[in-house]
Amino acid sequence: MGHKLKIAGWIALGALAGALTTVQLQATARASLAPLPLEELQQLAAVFGMIKTDYVEPVDEKKLITDAIAGMVSSLDPHSQYFDKKSFKEFREGTAGRFVGVGIEITMEDGLVKVVSPIEDSPAFRAGLKAGDLITKIDDTPVKGLTINDAVKRMRGEPNTKVTLTIFRRDENRTFPVTITRQEIKTVSVRAKVVEPGYAWVRVSQFQERTLEDFARKVEEIVRAEPALKGMVLDLRNDPGGLLDAAVGLSAAFLPEDAVVVTTNGQLEESKATYRANPRDYLRRASTDPISRLTVQTQGLLKRIPLVVLVNEGSASASEIVAGALQDHKRATIMGSQTFGKGSVQTVRPLGPDTALKLTTARYYTPSGRSIQAKGIVPDVWVDETPEGNLFAALRTREADLEKHLSNGQERALTDAEREAERQREREREQARQRLEEEQRKNPGARLLPEFGSDKDFQLQQALNRLKGLPVAASKTAAERPTKTDN
């Protein structure tokens, strides 16, 4: 057995060495790096051999290696990731804003899927689905009891396949089936409307390849409908981020040309960069520039119009870049709550046609040099989610709560008062969890907070008050969470 194990171990070492030599040659071409640690690689090969020969049942070699790679990468920080074929495809669909489905934005209400809006020119749009429609069945599966992710998976599928949705339309008090042919959908990451005469609300839900074009088109429509615009609310709540260049371009719509938007810093020379409000820093390829077009068509309106940016604990990464840039340049008032604090840059490096490595390569810094990492953007004006306070905000996880998160570089030991505040937050978290469970028992699947942009959106109403110069119901309890060490 020992002889067989040694042979298996050296075979494994040979396979690993061959693969790793290629990696080392690529790495050496990029920078002068230390040689690979052969003793540790021999140990890795020995473990590989033991598993192959001694494990209770046969194991797949490829799966062992890919799991080892995934484990190695995931041990670095919460955002570095190995993409296998499936996850790489999903990642590319997310950033491209394309997927195969029926084309509706949805939420849950009373345990059913509610249509927030059909995406323009999608199969659902052409089939006549309307905002407010409730989906009770997907093919033969009742929606009651499904999570929103389960429902999404059932509605997505291969191009040109059919799915039958059973619709309940309240205003007509009728239930009817609609059969829809799935197609590739181009999602729209920007919603906008005039909420009151003279005031616009523009929501960016994610920074994707099409975000700048969608933003420019929506704002142009707003300005045509409301040429005497007096103020704007840019809503970045629950925006998880996305593409850096889209964040730089969106910031450029509001900032003077060449103003610094964000800087990055890491080990590689290419990760030390400054991004400015200039087309060369946000155009992905030689193409038309929607932000410059918007500036010309609106005669620079967005450079001077009063602006409020709404953020919360779910605003992360690219949305924090925008909020930080507008705050540092004193171009906008930031309102809401402290943001997530994802201030790290991930670079995607293909490993083959279907796999890739997403690796953290730098940290973000606002124009004034503030690190976003594990800190986030602190609002100028703290505003609760509802008139009754932040009912469930204590349950939301931030970057600083994640295991293995990168340090900020500006941490310090907490004072006794700050430690007590942290303990109070934990008590509030437990109270909020119990309250949420009770609410869900009473009304399963119901929306527990008002829809963003609705007339019941308390934070939006306070943002409009700020733009009009009226009193704002600022939070009396919310406070900045300190960037702490474990000391």
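## A buried helix

Here, "buried" means a residue has under 20% relative accessible area. Keep that cut-off in mind while looking at this predicted model. In helix 8, the residues that meet it are L244, D245, A246, A247, V248, G249, L250, S251 and A252. That makes nine of nine for the helix, which spans residues 244-252 and is mostly covered.

## The nonpolar cores

The largest nonpolar core takes in 51 residues. F207, F215, M232, L234, F254, V309 and L326 have the most contacts inside it. There's also a second, separate core of 21 residues, with I106, V113, V143 and V163 among them.

So what does F207 touch, once its neighbours within four places in sequence are set aside? Its partners include A246, A247 and L250, three of the buried residues of helix 8. The rest of the list is L236, D239, G241, G242, L243, A318, S319 and V322.

## R293 and its partners

R293 sits in helix 10, which runs over residues 290-297. Its relative accessibility is 27%, so R293 counts as partly exposed. Beyond four places in sequence, R293 is in contact with E213, A216, R217 and E220. Take E213: it lies 80 residues from R293 in sequence, yet their C-alpha atoms are 9.9 Å apart.

## The whole chain

Zooming out, the chain has 14 helices and 19 strands. Of its 487 residues, 43% are buried. Look at contacts with a separation of 6 or more, and 70% of them join residues 24 or more positions apart. As for the outside, the accessible surface comes to about 25,300 Å², and carbon and sulfur atoms account for 53% of that.

Terms used. Residues numbered from 1 in each chain as written. Predicted model: local features only at pLDDT ≥ 70, side-chain atom pairs only at ≥ 80, totals over all residues. Heavy atoms only, no water. Core = buried A, V, L, I, M, F, W, Y, C linked by side-chain atoms within 4.5 Å. Buried < 20%, exposed > 50% of the residue type's maximum accessible area, 1.4 Å probe, protein only. Contact = heavy atoms within 4.5 Å. Helix = DSSP H or I, 4+ residues; strand = E, 2+ residues; numbered from the N terminus. Areas by Shrake-Rupley, 256 points an atom, 1.4 Å probe, with all protein chains shown as cover.
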